[in-house]
Amino acid sequence: MRIILMLIKKEFLQVFRNPLLLSILVVAPLVEFMIFPFCADYEIKVLDIAFIDNDRSQVSRDIINKFNASGIFVPHGLLESKEKADAMMKHDRIDILIEFPHNFEQDLYNRQNTRIAITANAINSVKAGIGTGYAQEIIGGYMQDFAIANGSGSMQAMAAQLQAQQAAAQQQRKGSKTTSIQSDSPIMAEQAASIDISNVYWYNEQMNYKNLIVPGILVILVTLIGCYVTALNLVREKEIGTIEQVNVTPIKRWQFLLGKMIPFWLLGMVEFIAGLLIMKFVFGISVQGSIPLLLGITAIYLLVMLGLGFFISSVSENQLQSMFIVLFLFIVFVLLSGVFTPTEGMPEWAHKINYLNPMSFYIEVIKKIILKGSEFVSVQKETIVLSIMAVLINTGAILSYREASK
Amino acid sequence: MSAICIENVSKSYGGKVKAVRDVTFSVEEGEVFGLVGPDGAGKSTLFNILTTLLLPDSGNIKMLGMDVIDDYKAVRQIIGYLPGTFSLYPDLSVQENLDFFAVMYKSSIAENMSIIEPIWKQISPFKDRKAGKLSGGMKQKLALCCALIHCPKVLFLDEPTTGVDPVSRKEFWDILKSIRKHGITVVVSTPYMDEATRCDRIAMIQEGKIIGINTPATFIENFKGKLYTFKSEDIFSLLNAMESCPLDCNYYPYGEHCHIAFYDDIATALPQFEKFLSDNNLQHDEIRAIAPSVEDCFIEIVQRDFSH
């Protein structure tokens, strides 16, 4: 017991004397929390738009005014030619181009099918997707008003149902980086009642992206402290030879590893709790579920990461090697885990790989408990998997450490 | 009773490099035993095996009756080890390092003050300084303190004076002398042959093999050749010319001098050699007879294959 306490004391002395490590521990979470959630935002707030109006009618002008008044689109005026529009899109001056055909208004009144072309710059696929979505919504909204205003007779049948058949013909233009999505929106005259769709986003009612990003940052923080710092620390002892001096003493392997684990486990927990406080008081996201449950599962996840860190340090010769291994694993973990990108679209094999990815289980737990307020029952599976991982990886770490020292 | 009995110990790395080949020797209790050999001779490998850090491929080692391989936990309690490179925590202070290793050995500084006192007196003025900020000699003294903190029965010192200034080297050997008073067996390796004379017995090691074990005095007594020394301006030409020397002799540069050992009758060999030098137009000063050093003995054993 005295030995383990001494090992822990030594570790803390070293951490607090290492200005670089200390600043990583303090500054990293602050920077990640204070900057990242404000930047990483999938919400599109500004879209540059231009119009080609071949009709120059009351209806087309009304629709353009709707766009201009939306607050999302920044209008870049009416363009005379398609060539001009192409050039502007090529130079990233506009994101969306709306083109009204000849006789647009006339066709509408005559209950003819007509089409509006929406062209989007799909270099930024999120922007293009959301931009066309907004555009369809505005046109659809107008069409509905139009149908009601011209309610008598056959006109009332006209619902502005813009079919979401985004038959997106993606054409790559030679020599330019612009890809465009052509969206044809036939207006069907024979449609009867209109359907009003209202969305409710459960567990994140304002669809606030910070609610998704901030828990992700918590996960990254815990992973970094658990895996990175431990891997670097142990391999450093190898590098400067102190591990040899410790190995000739009669202390047991488990004592040594425990003396390493407890300090970094504590540091990880402190960082996590600090992260929770920042989340609550800066971003106003409070944990919906049980905090002890959250801490408990985090404790297990930290054990997995500590074990992984030890394993990496025992198979690498120096800090540089271990850093590369951690970095590689870290990127794979983050990209596969669904911390920032949804996993649903991933192919089957990626899902299978994810069964080995502790981060994907942990992010599930974090999202469920923090945002959804889940009980233990719904995170049971993840908890069991993480516990098994913790046991396996730490056994591996102890075994590989034994090999390295004997 | 022998403190350490080493029998037929071999170790190879990856099956190719044979670092230690069939080494057998024993170290008596309370003696200062030196392991002498050039870099790469296998000294550190042997040390790592003896200090339980490395498993040998074959062979047995008994340390005070305990098996080093099977009973390594118990062995670790009775040995002290000073590795070849400075291996203390550079970001901990002198005092903290010492406290740390005292606890690791379930000991305390006060308990074994009598042993470390002569060293502690020298480093205690710096006890709050970080170990990494100490001078080379001070670092070694601190490392020695840490290796002695649990009053070991056997102390292993792997090249303790490599890279240490001559004054500190002398001090270090004086400290080792004082340690002996506590009945501690000391095993020390060094590439410096002049230091070897300060050991009770030395084992010469070359390419992983022990090529001779004896007291330094006996090694010198057993020197077979007649050793002479002289100075020459042009050592390079001399070395080339010696290729064609008809005498049975052993020639090598020794510092700024040249050493030559003759194995023929000296009455005829010396005049022959002087004639050989003048025939080859090689300048030299007076050729004087000298007593061999341990290094001369080592070179004789290696070059003339006198190993047993």
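## A walk through chain B

In helix α3(B), the buried residues are Val94(B), Glu96(B), Asn97(B), Leu98(B), Phe100(B), Phe101(B), Ala102(B), Val103(B) and Met104(B). That makes nine buried residues out of eleven, so to speak a helix that is mostly covered. Please keep in mind that this is a predicted model.

What covers the buried residues of α3(B)? Part of the cover comes from chain A, including α1 (2-17) and α8 (242-247), and part from chain B itself, including α4 (113-123) and α5 (136-148). Right after the helix, Lys106(B) has a positive phi, near 50 degrees.

**Where the chains touch**

Helix α3(B) is a good doorway to the contact between the two chains. This contact takes 23 residues from chain B and 20 residues from chain A. On the side of chain B that touches chain A, the elements giving two or more residues are α2 (72-78), β6 (79-82) and α3 (94-104) of chain B. Of that side, α3(B) supplies the largest share, with five residues. Sorted by class, the side of chain B that touches chain A has 14 nonpolar, five polar and four charged residues.

**Chain B as a whole**

Now step back and look at the full chain. Chain B contains eleven helices and 14 strands. Its C-alpha atoms fill a box of roughly 70 × 45 × 35 Å along the principal axes. Of its 308 residues, 40% count as buried. Among the contacts in chain B with a separation of 6 or more, 73% join residues 24 or more positions apart.

**The cores**

The largest nonpolar core has 82 residues. Those with the most contacts inside this core are Leu142(B), Cys145(B), Cys146(B), Ile149(B), Leu155(B), Phe156(B) and Val186(B). Take Ile149(B) as an example: leaving aside neighbours within four places in sequence, Ile149(B) is in contact with Leu98(B), Phe101(B), Ala102(B), Tyr105(B), Ser107(B), Ile109(B), Asn112(B) and Ile116(B). Another core, of 59 residues, lies apart from the largest one and has Leu218(A), Met261(A), Ile312(A) and Tyr362(A) among its members.

**The six-stranded sheet**

Six strands of chain B form an open sheet with mixed pairing, in the order β6-β7-β8-β3-β9-β10. Why is one side of β6(B) and of β10(B) left without a neighbour in the sheet? Both β6 and β10 (209-214) of chain B stand at the edges with a single partner strand each, so one side of each has no neighbour there. On average, neighbouring strands of this sheet are turned by 15 degrees against each other, with direction ignored.

Inside the sheet, β3(B) and β8(B) pair in the parallel sense, and Val32(B) has Val186(B) in β8(B) as its bridge partner. Helix α1(B) packs on this sheet, touching β3, β7 (154-158), β8 and β9 (201-206) of chain B, and its direction makes about 150 degrees with that of β7(B). Helix α1(B) is itself mostly covered, with seven of its eight residues buried. Its buried residues are Lys43(B), Thr45(B), Leu46(B), Phe47(B), Asn48(B), Ile49(B) and Leu50(B). Just after α1(B) comes Thr52(B), with a positive phi of about 65 degrees. Helix α5(B) lies across β6 and β7 of chain B, running at about 160 degrees to β6(B).

**A four-stranded sheet and a hairpin**

Chain B also has an open sheet of four strands with antiparallel pairing, in the order β12-β13-β11-β14. Its edge strands, β12 (249-254) and β14 (288-289) of chain B, each pair on one side only. Within the pair β12(B) and β13(B), Pro253(B) has Cys258(B) in β13(B) as its bridge partner. Helix α11 (residues 294-303) of chain B packs on this sheet, where it touches β11 (226-230), β12 and β13 of chain B, at about 135 degrees to the direction of β12(B).

Near the start of the numbering, β1(B) and β2(B) form a hairpin with three residues between them, and Gly14(B) in the turn has a positive phi of about 60 degrees. Across this pair, Cys5(B) has Ser26(B) in β2(B) as its bridge partner.

Here are three strand pairs of chain B side by side:

| Strand pair | Sense | Bridges |
|---|---|---|
| β1 (residues 2-13) and β2 (residues 17-28) of chain B | antiparallel | eight bridges |
| β3 (residues 32-36) and β8 (residues 185-190) of chain B | parallel | five bridges |
| β12(B) and β13 (residues 257-262) of chain B | antiparallel | six bridges |

Technical notes: Residues are numbered from 1 along each chain as its sequence is written. Chains are lettered from A and ligands numbered from 1 in the order in which they are written. This is a predicted model: local features need pLDDT of at least 70, side-chain atom pairs count only at pLDDT 80 or more; totals for chains, interfaces and linings use all residues. A nonpolar core is a set of buried Ala, Val, Leu, Ile, Met, Phe, Trp, Tyr and Cys residues joined through C-beta atoms within 7 Å. A residue is buried if 20 or more other C-beta atoms lie within 10 Å of its own, exposed if 12 or fewer, and partly exposed in between; C-beta atoms are placed from the backbone. Two residues are in contact if their C-beta atoms, placed from the backbone, lie within 7 Å. Ala, Val, Leu, Ile, Met, Phe, Trp, Tyr, Cys and Pro count as nonpolar, Asp, Glu, Lys and Arg as charged, and the others, Gly among them, as polar. Two strands pair if DSSP finds at least two bridges between them. Axes are lines fitted to C-alpha atoms, for helices over the stretch in contact, and angles run from 0 to 180 degrees between N-to-C directions.
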